[in-house]
Structure formats: structure tokens, C-alpha cells
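Please find below some comments on the charged and aromatic side-chain pairs of this model. They are set out as numbered points, to be read beside the structure.

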Amino acid sequence: MQIFENNKLVKPIYSRVLSLAISKDFANQKNGKINMSQHQDSEQFNRRRELLAVEEEAHKNKIIQAHGQEHFKTQVKNKFFKRVDIQVNKEFDNKENLYLNVLKIEDAAPSIMEILAVKAASINRITPLAKSLPWLCSELINLVNKPQYRKRSDIQVTEPNLALSYVGLDNLKLVMPTFMLKHWLPTSTSPYPLMKRKLWNDSLSIALASQLLAKEQGLDEFTAFTAGMLSNLGLLAVTRGFLNTYSSLYTQELKAAYDSKDKKLHDILVTLDTAPELLLEQLLLRSSNVAADMVELMRFDRLQITEPLFDLAYATDINHMCPIAKLVTKAKAYVAFRGLAKENLISTEEAKILLTAGRLTKNDIALLKKSDIDHIKLIFN
């Protein structure tokens, strides 16, 4: 988001938000937090222990040896990371490949959203499209069979058309964008196992916060909810694409070292981490732009979210954004603040800077603070 990235006061806070999405340890590291007690214990232990002369000499030799090994590791790491960076940039520059092969977006999904955006929407028009998406059918059937939504406890719904009729159009406006984003989440975000859940939770909270703000201002709630939800689509695509590319290239490098019997290189490669710095760099550089590109390729006509997504990606002045984009910006700023505050990663002054940049009023903050923006509430007749 240009309005955050171009603001020298907000940029480091925004970077911390994305670091936290990767992992709490990485965010703490970027924020300069260290485990002081462990460090102090180590110092006390070293002070108590007096090494013999022969041990000191051996220790020096180990340092010299480690220094040489560390230098070699740095060379290997830099060379490999450069290769990853080149390949990732090449793949991300092809937005059609991201759309079709990384996220694997089927035409039926945005088509259902288009139908939901018009007053003449009907379950009959949506049913054949939903049936062409097995993942959506499974989600709908699982939803209506949950105890709190069952019409009768002794009836198990097994047909997607019946599930759709139970859900209804109003609920579907919440359910469809939610299930879409859930389907496009990375299958795995290893070695950052909590990142997948973080991306999901933040996306849902941004969507619900956008909907609440839209209702307060008399704007279309479905448009705001969907724009908020899909505003995080770029984070999903970049994370998914980066981790897939890294894993593929890493496997190739390991195999090449093994096949050539280069034990020294193989042992160094085994110690490499999965480059959270590289992932953060790509998220900062591309996520908002990728979200706009993906939504553009969905070819929405009636659902007016393409302009808001492009405003979020490219606008440098919030005053020049369309109303829905302004709402989503507020939602993103609030959810970012809340996430950082929960982990004690933002100061009072930084909180003011972030919320001011998002143009959140006292009424906006009070509304979001008292509302549940973590759970979707469906009303079944």
C-alpha cells in the first residue's frame, strides 16, 4: 500500500505488521527484541568457568575454523538467495501464471460474485456454477450440517443445491468471499506454520471491519466486505508463490550437491533457513499490486471492487481514494494496530501514527473496538 510505504513514519510499522504475519520470532527480531535472561545466564556461566590453557587454544582454533566455515556459508547463502530472487521475480511478473497456476482461480468463483452483486440474483442462477466447484460444494454442505445451522437434527444435507437453498442469498454474500479466500490460502506455510492462520484471521477481520464501517456510512456492505477480504489476496499469492519456488530450488540445490558428492556444500545447504527477509521483501514489494492484478483478471463488472483494490495498491494520497478503498484502508490500519498491540510490538506514539495514517476517527475506533470482527454471524431462517 503506497500510502503506508511512502510515509517514512508508517513504513517501518507496516513492515513490522508483515513480519508478524510471517512469524512472531521474526517480528521480534526485526524489532530488536532478544532473550536477555538467556544471554545473561550464558555470560555468568562463562565467567564462572575458567578454561585451562589447552582448552583456550582449542577454543581459538574452533573460532578460526568456524570463521572460515561461516564465510563459505555466507557465499553459498548469497548465491542461492540471488537465484531464488531472480526466479521469484520472473514468476511474479507473469500475473496470468499467478492467477491460473499459483492460485488456480476458476472462472465460476468470480461469476458467482457477479451474480450476488445484482438485485436480480437468484439461487437458481448460482447453483450450476457452484456445482462446477467441488471445493465450494464441500464447504457449503459442511456449513449447513453444523449443529447450529441444521434445520432438523436428524437430517443430513448431501446435495449442494439443497445446501445453497438453506444458506440463502444474504448469507452467501458473506460465505462466498470467505470460502474463496480460504480456498486460495497456501496449502502449507512451513517453516512458518502459524502464518497460514494469521493470513486467514487478518483477512476475515479486515473484511468484517470494512463491512461495519460501510454500514455506518451507508455504503454497500457486500462490496466493502468483499474488497476487504480480497485486499489480502496478494499476500496469499506472494506467500504461496515464494514458498513453492524456494522449496523447488532448494530441493534442486540439495540434489545437485548430493549427486556431485560435494559434502561441504550439502552440509551448508542443510543449515540454511527459509529466508524470512526475502519473503518480507516480496510481500512489501508486491502484495498490494498482486491483489489488484488478480481482481482485475476476475473481470468484475457489476461488483465494484476493482477500483478500490487499485487505489489500495497505487494511491499515494488517501484523499484521492474511492469511498470503499478508504474504508478498507481504515480496516487494515485498525487490524494491523490490534495485531501489533496484542504482541507488544507497537508503542503508543506509533499507534497514533498508524491510526492517523488510516484516517480512523474516534468513532471508527470505538465502533470497531466494541464489535466482533473475528467471527462471521450467519442468520438462517
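**Charged and aromatic pairs**

1. In this predicted model, the count of salt bridges comes to 12. Three of these pairs are taken up in turn below, followed by the aromatic pairs.

2. The salt bridge between K95 and E296 has its closest N and O atoms 3.4 Å apart. It links distant parts of the chain, since K95 belongs to helix 6 (residues 95-102) and E296 to helix 15 (residues 276-297), with the two positions 201 residues apart in the numbering. K95 is partly exposed at a relative accessible area of 26%, and E296 is likewise partly exposed, its relative accessible area being 31%.

3. E139 and K182 form a further salt bridge, in which the closest N and O atoms are 3.3 Å apart. This pair also links distant parts of the chain, with E139 in helix 9 (residues 134-144) and K182 in helix 10 (residues 160-184), 43 residues apart. E139 has a relative accessible area of 19% and counts as buried, because the cut-off for that class is under 20%; K182, by contrast, is partly exposed at 38%.

4. For R338 and D374, the closest N and O atoms of the salt bridge are 2.7 Å apart. R338 lies in helix 17 (residues 323-342), whereas D374 lies in the segment after helix 19 (362-370), so that distant parts of the chain, 36 residues apart, are linked by the pair. R338 is partly exposed, with a relative accessible area of 29%, and D374 is also partly exposed, with a relative accessibility of 34%.

5. Turning to the rings, the count of aromatic pairs comes to 10. One of them is formed by F4 and Y14, whose ring centres are 5.5 Å apart and whose planes stand at 55°, so the pair is tilted. Because F4 is in helix 1 (residues 2-5) and Y14 in helix 2 (residues 11-22), the pair ties together parts that are 10 residues apart in sequence. Both F4 and Y14 are buried.

6. The rings of F81 and Y246 have their centres 6.4 Å apart, and with their planes at 55° the pair is tilted. Since F81 lies in helix 5 (residues 53-92) and Y246 in helix 13 (residues 233-259), this pair ties together parts that are 165 residues apart in sequence. F81 and Y246 are both buried.

7. Which aromatic cluster includes F81 and Y246? The two residues belong to one aromatic cluster together with F80, F242 and Y250.

Note on methods:
Residues are numbered from 1 along each chain as its sequence is written. This is a predicted model: local features need pLDDT of at least 70, side-chain atom pairs count only at pLDDT 80 or more; totals for chains, interfaces and linings use all residues. Side-chain values use heavy atoms; hydrogens and water are left out. A salt bridge is a side-chain nitrogen of Lys or Arg within 4 Å of a carboxyl oxygen of Asp or Glu. Helices (H or I, at least four residues) and strands (E, at least two) are DSSP runs, numbered from the N terminus. Buried means under 20% relative accessible area, exposed over 50%, partly exposed in between (1.4 Å probe, protein chains only). Rings of Phe, Tyr and Trp (its six-membered ring) pair if their centres lie within 6.5 Å; planes under 30 degrees apart count as stacked, over 60 as edge-to-face and the rest as tilted.
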